[in-house]
Amino acid sequence: MFMGSFEHSLDPKNRLFIPAAFREKLGDSFVICRAPENCLFIYSNEGWEKVVAPLHTDGPTTLEDRKRQRRAYANAAIVTIDGKGRITVPQKFCDHAQFDKNVVLIGQGNRIEVWNADKWNEELESCDEMDETPLSY
């Protein structure tokens, strides 16, 4: 399970440091994909297989099925961690998420979300406004 939030910077080559707590669960390579709300999702390979499993059937697919598959796979990429704990985020994903330099990685249980830091602060404020009642532990 992915939990916590970490602020990091993208370097000029779109390299992003993945925190050790996340790397342990992700392995050496994993999937990054475009996500709603102009952020990115990161899944372990096993997690990604669960996400896309409903897109596959044993029989013929409909046009709608094929379109869902195209959207899922065209907007995803396998990335590999380098020796310094970084990945290179594809430019089209940086553009989608409106990354500048500062980003935030947020653990979300079965995935990690990666946000432009300013956009994340706005999102966090909107989450806080939803319900004033704190979670009970």
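**Exercise 1.** In this predicted model, determine how many residues lie between β7 and β8 in their hairpin, and which residue of the turn has a positive phi.

*Solution.* Step 1: strands β7 and β8 form a hairpin with 4 residues between them. Step 2: within that turn, Gly 109 has a positive phi of about 80 degrees. Step 3: β7 covers residues 102–107, and its antiparallel pairing with β8 extends over 5 bridges. Step 4: in this pairing, Leu 105 is found opposite Val 114 of β8.

**Exercise 2.** Identify the strand that is joined to β8 by 3 bridges, and establish whether the residues of β8 are buried or exposed.

*Solution.* Step 1: the strand in question is β4, residues 39–43, which runs antiparallel to β8. Step 2: Ile 42 has Ile 112 of β8 as its bridge partner. Step 3: β8 spans residues 112–116, and 5 of its 5 residues are buried, so the strand is largely enclosed by the rest of the structure.

**Exercise 3.** Derive the strand order of the open sheet of 6 strands, and state which strands stand at its edges.

*Solution.* Step 1: the order is β1-β7-β8-β4-β3-β5, with antiparallel pairing. Step 2: the edges are occupied by β1 (5–9) and β5 (76–80); each has a single partner strand, so one side of each lacks a neighbour in the sheet. Step 3: from one strand to the next, the twist averages 25 degrees. Step 4: helix α2, residues 45–52, packs on the sheet and touches β3 (29–35), β4 and β5. Step 5: the direction of α2 makes about 45 degrees with that of β3.

**Exercise 4.** Classify Gln 69 as buried or exposed, and list the residues that it touches beyond four places away in sequence.

*Solution.* Step 1: Gln 69 belongs to helix α3, residues 63–74. Step 2: its relative accessible area is 16%; the cut-off for buried is under 20%, so Gln 69 counts as buried. Step 3: leaving aside residues up to four places away in sequence, Gln 69 touches Leu 55, His 56 and Thr 61.

**Exercise 5.** Describe the second largest pocket by its volume, the elements that line it and the composition of its lining.

*Solution.* Step 1: the pocket holds about 220 Å³ of space. Step 2: β3, β4, α2 and α3 each contribute at least two lining residues. Step 3: the lining includes Cys 33, Phe 41, Trp 48 and Arg 68. Step 4: by class, the lining residues comprise 8 nonpolar, 1 polar and 3 charged. Step 5: Arg 34, Arg 68 and Arg 71 are among the residues of the lining, and Arg counts as charged.

How values were computed. Residues are numbered from 1 along each chain as its sequence is written. This is a predicted model: local features need pLDDT of at least 70, side-chain atom pairs count only at pLDDT 80 or more; totals for chains, interfaces and linings use all residues. Side-chain values use heavy atoms; hydrogens and water are left out. Buried means under 20% relative accessible area, exposed over 50%, partly exposed in between (1.4 Å probe, protein chains only). Two strands pair if DSSP finds at least two bridges between them. Contact means heavy atoms within 4.5 Å. Axes are lines fitted to C-alpha atoms, for helices over the stretch in contact, and angles run from 0 to 180 degrees between N-to-C directions. On a 1 Å grid over the protein atoms alone, a cavity is a set of points where a 1.4 Å probe fits but cannot get out, and a pocket is an open set with protein on both sides within 12 Å along at least five of seven lines; lining residues have an atom within 4 Å of a point. Grid points are joined across faces, edges and corners, and a volume is the space filled by probe spheres set on the points.
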